[in-house]
Amino acid sequence: MATLEIRDLHVSVEGENGPKEILKGVDLTVKQGETHAIMGPNGSGKSTLAYSIAGHPKYTITGGTVILDGEDVLEMEVDERARAGLFLAMQYPVEVPGVTVSNFLRTSATAIRGEAPKLRTWVKEVKEAMEALKMDPSFAERNVNEGFSGGEKKRHEILQLELLKPKIAILDETDSGLDVDALRTVSEGVNRVRESGQVGTLLITHYTRILRYIKPDHVHVFADGRIAESGGPELADKLEEEGYAAYVKGGTSE
Ligand code: ADP
Ligand code: MG
Ligand code: MG
């Protein structure tokens with residue numbers, strides 16, 4: 001069973017007045033088969049955590065460790081992290097002009113699996129995954145994220161998740177900007193992948209609404225760069241009623 005272990009992680013970004021510490025000692029363990037929801041107010045550092053694990057160069061690790069199956073993730077290049085089984089669905093997916101969805105998916109799958117998927121089974125796999133996510137087949141020939149609606153971008157992230165079959169999936173606000181139908185479709189996709197029992201999921205979200213469709217095993221409240229409280233699904237119910245005020249300095253919350 002794959003295990004992602006984050007220990008005392010400290011991360012800074014370069015600000016106008018020098019480096020600014022965003023993550024202030026994050027501890028978290030995610031095992032294959034588990035779903036952890038990370039919930040917190042805007043600006044608390046949730047995306048910073050996601051990007052730091054994925055290896056975004058803007059984030060400087062100033063302390064702590066991230067270990068996947070005994071391997072030091074922080075020593076790996078971004079592509080090595082993906083091959084090791086880490087996957088990030090971004091809060092704001094980027095456009096890749098000139099690269100079609102179809103080519104992008106096949107290139108990614110080839111890089112991660114270490115060999116090109118057999119064409120016939122691959123075509124079938126892609127077609128089935130797209131149908132399940134209610135994506136029109138013509139979508140495969142469009143350029144990655146170019147002119148995609150918010151919902152299309154998020155479906156495309158989950159399409160990658162379904163096809164790339166990571167060990168650990170970090171989903172950063174996959175629910176934001178989705179209407180109810182799209183939220184349900186995207187959640188069903190995440191749940192299909194979870195049902196395999198082969199993925200550990202870190203579901204980052206600001207709102208409790210996605211947790212009606214994706215039931216987490218563990219819920220963590222993220223505030224001011226660290227985990228302020230951990231619990232079971234009941235913690236999400238408490239947040240739904242009370243918001244984040246109790247966790248935020250000055251008592252304001254969004
Ligand atoms: P969340 O995802 O919880 O909303 P973020 O991780 O996006 O929070 O941001 C946490 C804090 O770090 C914010 O104050 C934000 O302005 C700052 N921050 C994040 N990324 C950068 C960056 N690349 N450059 C400068 N500041 C950043
Ligand atoms: Mg945010
Ligand atoms: Mg964010």
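This is a short dialogue on reading a predicted model.

Biologist: Let us begin with the ligand. Which residues are around ligand 1?

Modeller: Read a site as a list first, then map the list onto elements. The model is predicted, so keep that in mind throughout. Around ligand 1 you find Val13, Gly15, Ile22, Gly40, Asn42, Gly43, Ser44, Gly45, Lys46, Ser47, Thr48 and Lys58.

Biologist: Which elements supply at least two residues of that shell?

Modeller: Strand S1, residues 3–15, and helix H1, residues 46–54, each do so. H1 gives the most, with 3 residues.

Biologist: How do the residues of the shell divide into nonpolar, polar and charged?

Modeller: There are 2 nonpolar, 8 polar and 2 charged residues in the shell around ligand 1.

Biologist: Now the sheets. What is the order of the strands in the open sheet of 4?

Modeller: Read a sheet by strand order, then by pairing sense, then by its edges. Here the order is S2-S1-S4-S5, and the pairing is antiparallel. Strand S2 (18–31) and strand S5 (71–72) are the edge strands, each pairing on one side only.

Biologist: How many bridges join S1 to strand S4?

Modeller: S1 and S4, residues 60–68, run antiparallel and are joined by 7 bridges. To fix the register, take one pair: isoleucine 6 has valine 66 in S4 as its bridge partner.

Biologist: Where does H1 lie relative to these strands?

Modeller: A helix on a sheet is read by the strands under it and by an angle. H1 lies across S1, S2 and S4, and runs at about 75° to S2.

Biologist: What is the strand order in the open sheet of 6 strands?

Modeller: The order is S6-S9-S10-S3-S11-S12, with mixed pairing. Its edge strands are strand S6 (86–89) and strand S12 (226–231), each pairing on one side only. From one strand to the next, the twist averages 20°.

Biologist: Do S3 and S11 run parallel or antiparallel, and how many bridges join them?

Modeller: Strand S3 (residues 35–39) and strand S11 (residues 218–223) run parallel, with 4 bridges joining them. Methionine 39 stands opposite valine 221 in S11.

Biologist: Which helix packs on this sheet, touching S3, S11 and S12?

Modeller: That is helix H7, residues 234–242; its direction makes about 45° with that of S11. H1 also lies across strands here: S3, S6, strand S9 (168–172), strand S10 (200–205) and S11. H1 runs at about 145° to S9.

Biologist: How do S11 and S12 pair?

Modeller: They pair in the antiparallel sense over 5 bridges. One partnership is valine 219 with glycine 231 in S12. S11 and S12 form a hairpin with 2 residues between them. In the turn, aspartate 224 has a positive phi of about 50°.

Biologist: What sign of phi should I expect in general?

Modeller: Most residues other than glycine have a negative phi. Positive values therefore deserve a look, since most residues other than glycine have a negative one. Aspartate 8 has a positive phi of about 45° although it is not a glycine.

Biologist: Where does aspartate 8 lie, and is it buried, exposed or partly exposed?

Modeller: Aspartate 8 lies in strand S1. It has 13 other C-beta atoms within 10 Å, so it is partly exposed.

Biologist: What is phi of asparagine 145, and where is the residue found?

Modeller: Phi of asparagine 145 is near 65°, a positive value in a residue other than glycine. Asparagine 145 is found in the loop between strand S8 (143–144) and helix H5 (150–164). Asparagine 145 counts as buried because it has 20 C-beta neighbours inside 10 Å.

Biologist: Which residues does proline 93 touch, not counting residues up to four places away in sequence?

Modeller: Contacts that skip along the chain show how it folds back on itself. Proline 93 touches Asn145, Lys153, His156 and Glu157. Proline 93 and glutamate 157 are 64 residues apart along the chain, yet their C-alpha atoms are separated by 7.9 Å. Proline 93 is found in the loop between S6 and strand S7 (96–100). Proline 93 is partly exposed, because it has 18 other C-beta atoms within 10 Å.

Biologist: Last, the core. How many residues has the largest nonpolar core?

Modeller: It has 60 residues, and Met39, Ile168, Ile170 and Leu171 have the most contacts inside it. S2 supplies the largest share of this core, 5 residues. Leaving aside neighbours within four places in sequence, leucine 171 is in contact with Ala89, Val190, Thr201, Leu202, Leu203 and Ile204.

Methods:
Residues are numbered from 1 along each chain as its sequence is written. Chains are lettered from A and ligands numbered from 1 in the order in which they are written. This is a predicted model: local features need pLDDT of at least 70, side-chain atom pairs count only at pLDDT 80 or more; totals for chains, interfaces and linings use all residues. A residue is near a molecule or strand if its C-beta atom, placed from the backbone, lies within 6 Å of it. Ala, Val, Leu, Ile, Met, Phe, Trp, Tyr, Cys and Pro count as nonpolar, Asp, Glu, Lys and Arg as charged, and the others, Gly among them, as polar. Two strands pair if DSSP finds at least two bridges between them. Two residues are in contact if their C-beta atoms, placed from the backbone, lie within 7 Å. Axes are lines fitted to C-alpha atoms, for helices over the stretch in contact, and angles run from 0 to 180 degrees between N-to-C directions. A nonpolar core is a set of buried Ala, Val, Leu, Ile, Met, Phe, Trp, Tyr and Cys residues joined through C-beta atoms within 7 Å. A residue is buried if 20 or more other C-beta atoms lie within 10 Å of its own, exposed if 12 or fewer, and partly exposed in between; C-beta atoms are placed from the backbone.
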